[in-house]
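I opened this model to look up a surface patch, some salt bridges and one helix. My entries follow in the order I made them.

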Amino acid sequence: FDILLSFITLYLAYALRFNFEIPSGFINSFFIAFSVLLPLKLFFLWRLKLYFVVWRFFSLSDGQNLLKAHLYMYASFTLIFLLFPSLFEPFPRSVIIIDFALSLLFLGSLRIFKRLLIEKSITSSIKKTIIIGANAQTASIIKSALNQDIAYYPVCIVTSSPEEESAVGTYINSIKVHKMEELEDLIKIHEVEAAIITAKLDTPAYQSLFDTLSHSGINEIKKSKILGDQHEKLLDLSIEDLLARYPKDLDSTKIASFIKEKCVLITGAGGSIGSEIALQCEYFGAKSLILLDHSEFNLYQIGEKLPHTTLKLCSVLDNDALESLFKSNSVDIVIHAAAYKHVPLCELNQKNAIENNVLGTKNVIDYSIAHNISKVVIISTDKAVRPSNVMGTTKRIGELYAQNVDSQNTEIVAVRFGNVLGSSGSVIPKFKSQIENGGPITVTHPEITRYFMMIPEACQLVLQAASIAKGGELFILDMGESIKIVDLASQMIKLYGKEKEIEIVFSGLRPGEKLYEELLIDE
């Protein structure tokens with residue numbers, strides 16, 4: 001193409017010079033000029049790597065190299081002409097300037113046209129996308145889209161916060177930035193099929209944005225996450241993003257001073273709460289961790305994440321094992337998370353639930369007092385408030401024992417909170433599984449509500465409560481607002497069900513199940 005266009009531009013240069021009536025005497029000089037100019041042109045285009053650029057990556061820097069190549073080639077041609085003028089006679093010197101402009105225009109247009117053609121073919125095969133957030137990640141996402149690294153093509157950008165208002169009306173990689181108020185109109189105008197969130201939003205903002213996008217027919221919503229190597233990864237917007245309550249009153253300094261250089265024993269360390277507390281204790285600088293669990297697989301899993309810990313495979317009902325454990329280790333803090341917590345299973349296996357949750361808790365407290373452990377933390381539940389089931393009752397008995405036992409030199413504190421998002425046996429993994437299998441989603445009652453919190457935040461608050469406790473207290477975590485489970489199911493269908501028709505079926509309350517949970521008996 002460059003050879004063909006070079007011939008055409010030189011001919012046009014001659015034609016323009018002679019008002020499209022080239023005298024026959026100049027035909028010979030035309031071919032001589034072309035035979036000298038063409039090798040120079042090809043050499044400098046090759047030398048400046050313009051034949052190594054992938055068409056769809058032709059950029060402004062490559063355009064600058066194209067200009068440099070033309071400057072070099074026409075400067076070299078002019079030098080040859082000045083050294084050997086007789087070779088070109090007769091030759092109109094203005095042709096050099098005209099051909100320079102035409103060649104730069106034609107060769108540059110060829111490359112731009114090819115890139116536009118490729119980008120158009122890309123946009124026809126992937127989803128038109130709106131980006132929420134005008135920041136550095138936005139530019140990176142657009143570049144990934146143009147490189148076909150992701151199956152999305154950004155068509156517009158909207159701001160996500162007042163701090164980004166100054167960007168309204170500007171362009172990021174040739175894509176205009178709009179106000180958030182224009183979101184719904186932009187979706188209609190550009191026929192948007194997907195959304196990518198590059199902004200850092202809190203839970204209410206995620207919820208509001210999700211509602212707006214869902215209402216506008218956008219079912220595919222991604223969020224951009226920075227990985228360790230500074231590369232972005234697109235993740236599905238999760239139900240945790242919409243429900244999570246991130247506490248603003250966490251005091252990391254106090255937690256670190258409480259945990260640092262201490263030997264911490266965690267019972268039920270393989271469970272959802274126990275394993276996260278173990279990870280948090282490691283993060284906050286515990287001198288050593290003793291992880292106790294009666295499930296081999298759960299203990300193995302947390303042991304793989306924390307290889308430098310002591311793993312104890314035993315039950316909190318095993319008095320000999322507990323006695324040996326406390327005797328052979330200088331424990332500073334005990335965090336008791338071992339418990340049976342599934343309400344219907346505890347109803348069906350009442351003897352086991354009572355033994356594990358009541359006697360197991362009593363054993364841990366008694367051995368801690370006997371061995372002068374400085375602090376014991378009992379993990380409790382909102383189901384202990386006015387308990388209507390065996391599980392809640394056993395946890396309430398544990399709280400009462402912790403508050404009324406003669407603790408001597410041991411400070412004993414109980415921490416009570418509601419459901420944690422994604423814990424084993426919780427409703428969210430169950431709903432996800434039901435959606436993946438095509439439904440239906442089973443909800444026990446249309447009015448049933450629950451409190452939710454993210455596991456890491458809940459566990460950090462447990463440690464913070466323990467750090468400020470003086471013994472005998474019962475701490476209650478602020479779980480935010482309670483959520484209707486049927487609303488949760490509807491949101492999860494929108495998030496994970498995409499175009500599937502998934503039904504919600506009400507199965508009736510299970511034995512011992514409450515319609516709503518309470519965090520306090522009264523104000």
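**Entry 1: nonpolar patch**

I started with Phe7, which sits in helix H1. Helices (H or I, at least four residues) and strands (E, at least two) are DSSP runs, numbered from the N terminus. The model is predicted: local features need pLDDT of at least 70, side-chain atom pairs count only at pLDDT 80 or more, and totals for chains, interfaces and linings use all residues. Residues are numbered from 1 along each chain as its sequence is written, and side-chain values use heavy atoms, with hydrogens and water left out.

I looked up the cover on Phe7. Phe7 is partly exposed, because its relative accessibility is 33%. The classes are buried (under 20% relative accessible area), exposed (over 50%) and partly exposed (in between), with a 1.4 Å probe and protein chains only.

Phe7 belongs to a nonpolar surface patch with Phe1, Leu4, Ile8, Tyr11, Ile27 and Phe31. Together they have about 720 Å² of accessible area. That area comes from the Shrake-Rupley method with a 1.4 Å probe, and for residues only the protein chains shown count as cover. Patch members need over 30% relative accessible area and no salt bridge; nonpolar side chains (Val, Leu, Ile, Met, Phe, Trp, Tyr) are joined within 5 Å, like charges within 9 Å.

Which helix gives the most to the nonpolar patch? I found H1, with 4 residues. Helix H1 (2-17) and helix H2 (27-47) each supply at least two.

**Entry 2: salt bridges**

I found 8 salt bridges in the structure. The cut-off is a side-chain nitrogen of Lys or Arg within 4 Å of a carboxyl oxygen of Asp or Glu.

I checked Glu323 and Lys327, which pair at 3.8 Å, N to O. They are 4 residues apart in helix H13 (residues 319-328), so about one helical turn separates them. An α-helix has 3.6 residues a turn, so residues three or four places apart point the same way. Glu323 is partly exposed at 24%, and Lys327 is exposed at 63%.

Next I took Glu411 and Lys375, bridged at 3.1 Å, N to O. Glu411 is in strand E13 (residues 411-417) and Lys375 in strand E12, so this pair ties together parts 36 residues apart in sequence. Is Lys375 buried or exposed? I read it as buried, with a relative accessible area of 7%. Glu411 is partly exposed at 28%.

My third pair was Glu399 and Arg416, at 2.6 Å, N to O. Glu399 is in helix H16 (residues 390-404) and Arg416 in strand E13, 17 residues apart. Glu399 is buried at 1%, and Arg416 is buried at 5%. Both are linked with Arg396 in a network of salt bridges.

**Entry 3: Ser380**

I followed Glu399 to Ser380, in strand E12 (residues 375-381). Their side chains make a polar contact at 2.5 Å. A polar contact is a pair of N or O atoms within 3.5 Å; within protein, one must be able to donate a hydrogen and the other to accept it, and residues adjacent in sequence count only if both atoms are side-chain atoms.

Ser380 counts as buried, because its relative accessibility is 5%. Which residues does Ser380 touch, not counting those up to four places away in sequence? I listed Lys395, Glu399, Val415, Arg416 and Phe417. Contact here means heavy atoms within 4.5 Å.
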